[in-house]
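User: I'd like to go through some of the labels people put on this structure and hear the reasoning behind each one. Can you show it and take my questions?

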Amino acid sequence: MSDNTKLTDVIMPQLAESLVSATIGKWLKQPGDTIEQYEPICELITDKVNAELPATVDGTLVELLAEEGQTVSVGEIIARIAVAGSAAPAASAAAPAAANAAATAASGAAPQPAHASVRPSVPAAAFDADAPMRSRYSPAVQTLAAEHGINLAAVPGTGLGGRITRKDVLAFLESGAAAAQPAATAPTAAAAPQQPVFQPIQEEVRGELQHLRHSGLHLSESPKIPTIEVEGGRGSSSEYLIDVTPIRNTIATRMRQSVSEIPHAWTMIEVDVTNLVVLRNKLKDEFKRKEGINLTYLAFLMKAVVSAIKDYPIMNSVWAVDKIIVKRDINISLAVGTEDSVMTPVIKKADQKNVAGLAREIDELALKTREGKLRLEDMQGGTFTVNNTGSFGSILSYPIINYPQAAILTFESIVKKPVVINDMIAVRSMANICLSLDHRILDGVISGRFLQRVKDNVEGYTPDTKLY
């Protein structure tokens, strides 16, 4: 390395305020590779969302300090990039800016270009309790600082954790302190290409996709082929090993936490969905032509569940040791499974949506999950989970609660059965609805009444029920 070349540290960014670490899923660049600014260098995996970490500068990757599959705390150095000496000062300022851009993009906001004058370099050791907030700037603050050439390192912050607000920047301008600062060295628009800093990770699909299932929401894409190491060499076929991916490890951790901390109880009720089947068959073709998506039974079930939660709001709660927190907003987590993972994107304020609106949300979130396009905000805020286990043929299941929620409900397969009605046998379309509950919060009486209300709501659909 020549004398005019300097090393720039690549640190693990804080993708969200509640996340303190992330896992290196895959290195997209190796030592010796030339890197352009904003070019992805690695894939990051969290328990909420996946992201690509962009390079902060132009240079050459010289060292990797974290291995694939390793979980790294926020602020730790994961790699080093060699940059020309003249570019090093700008790189030092751009590093935390790009990390903030990745976090902003992961939360669904539009990415902002990095400005050397906007943010100072933040070493790993400086990440104390206030540092994540101090070093996170809103787009309004970044834009205002860039327009006036202000180095935000010199601006006092009055927000939470020392965070700098727009009022702080305006007050700094009025005080005249900005005039005493050196001229900004932010890269020009030509030097900073306007391309996305963050793109959700998408699996590479080799060859044509084969449709595997026709029965519902899940299992509609070809599975990702896992890395397999044959035990005992090629000559042995008695067993083989499959690597545990970071996503699978996170699922295992969360499931273990739910089962170990929450005293699960379970109950089931049988529902006559004959009228619902008639209603859906009547409306599905017109809905498909009008909306361009399938009208599934899950949308009707979710509407019935949301209405029942409004009658029994204790179902929409979490355990907080010395109190029970009841959530006002009804945000339904939708369990969407692929062949190698299960994600729970959230339908926000589901109680304010009609059946058609819920159907659109279900289709959009399911598509995002299968294509790997879920954003961080899509996974946050769930208060009650619904799972359509009937889509792959299940008739009875014991679901594990989506921690820290109070309950999870599954909708099983619709099966035609002989049923006694008024002392006569009739063939009806029947389905089981299963509920797992946190027995610290919920007891049999309230859970039974809730399930009965869901049953009444589902059986209350008629051929005249409106979708809008």
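User: What makes K368 and D378 a salt bridge?

Analyst: This is a predicted model, so the distance is computed from its atoms. The closest N and O atoms of K368 and D378 are 3.4 Å apart. The cut-off is a Lys or Arg side-chain nitrogen within 4 Å of an Asp or Glu carboxyl oxygen, so the pair qualifies. K368 sits in helix α8 (residues 355–371), while D378 is in the loop between α8 and β17, 10 residues apart.

User: Is K368 buried or exposed, and why?

Analyst: K368 has 17% relative accessibility. Buried means under 20%, so K368 counts as buried. D378 has a relative accessible area of 8%, so D378 is buried too.

User: What other partner does D378 have, and how accessible is that partner?

Analyst: That's R375: the side chains of D378 and R375 meet in a salt bridge at 3.7 Å, N to O. R375 has a relative accessible area of 27%, and because that falls between 20% and 50%, R375 is called partly exposed. There's a wider network of salt bridges here, linking E364, K368, R375, E377 and D378.

User: How many salt bridges turn up in the whole structure?

Analyst: The search finds 16. One of them joins the side chains of D9 and R80, at 3.0 Å from N to O. D9 lies in strand β1 (residues 5–11) and R80 in strand β8 (residues 77–84), so this salt bridge ties together parts that are 71 residues apart in sequence.

User: Why are D9 and R80 called partly exposed?

Analyst: D9 is at 32% relative accessibility and R80 has a relative accessible area of 23%. Partly exposed covers the range between 20% and 50%, so both labels hold.

User: What about aromatic rings: why is the pair of W266 and Y398 called edge-to-face?

Analyst: The search finds three aromatic pairs in the whole structure. For W266 and Y398, the numbers are 6.2 Å centre to centre and 65° between the planes. Rings pair if their centres lie within 6.5 Å, and planes over 60 degrees apart count as edge-to-face, so both tests are passed. W266 is in strand β11 (residues 264–272) and Y398 in the loop between β17 (384–387) and β18 (407–411), so the pair ties together parts 132 residues apart in sequence.

User: How do you know that F300 and Y461 are edge-to-face?

Analyst: Their ring centres are 5.4 Å apart and their planes are at 80°, so F300 and Y461 get that label as well. F300 is in helix α7 (residues 297–311) and Y461 in the segment after α9 (444–459), 161 residues apart. Both F300 and Y461 are buried.

User: What makes R280 count as sitting over the ring of Y297?

Analyst: The charged end of R280 is 4.6 Å from the ring centre of Y297. The distance limit is 6 Å, so R280 meets that part of the test. K290 lies over the face of Y468, at 4.2 Å from the ring centre.

User: What makes the side chains of E39 and K29 a polar contact?

Analyst: They come to 2.7 Å. The limit for the N or O atoms is 3.5 Å, so the distance fits. E39 is in the loop between β3 (34–35) and β4 (40–45). With 22% relative accessibility, E39 counts as partly exposed.

Methods. Residues are numbered from 1 along each chain as its sequence is written. This is a predicted model: local features need pLDDT of at least 70, side-chain atom pairs count only at pLDDT 80 or more; totals for chains, interfaces and linings use all residues. Side-chain values use heavy atoms; hydrogens and water are left out. Rings of Phe, Tyr and Trp (its six-membered ring) pair if their centres lie within 6.5 Å; planes under 30 degrees apart count as stacked, over 60 as edge-to-face and the rest as tilted. Helices (H or I, at least four residues) and strands (E, at least two) are DSSP runs, numbered from the N terminus. Buried means under 20% relative accessible area, exposed over 50%, partly exposed in between (1.4 Å probe, protein chains only). A charge sits over a ring if NZ of Lys or CZ of Arg is within 6 Å of the ring centre and within 35 degrees of the ring normal. A polar contact is a pair of N or O atoms within 3.5 Å; within protein, one must be able to donate a hydrogen and the other to accept it, and residues adjacent in sequence count only if both atoms are side-chain atoms.
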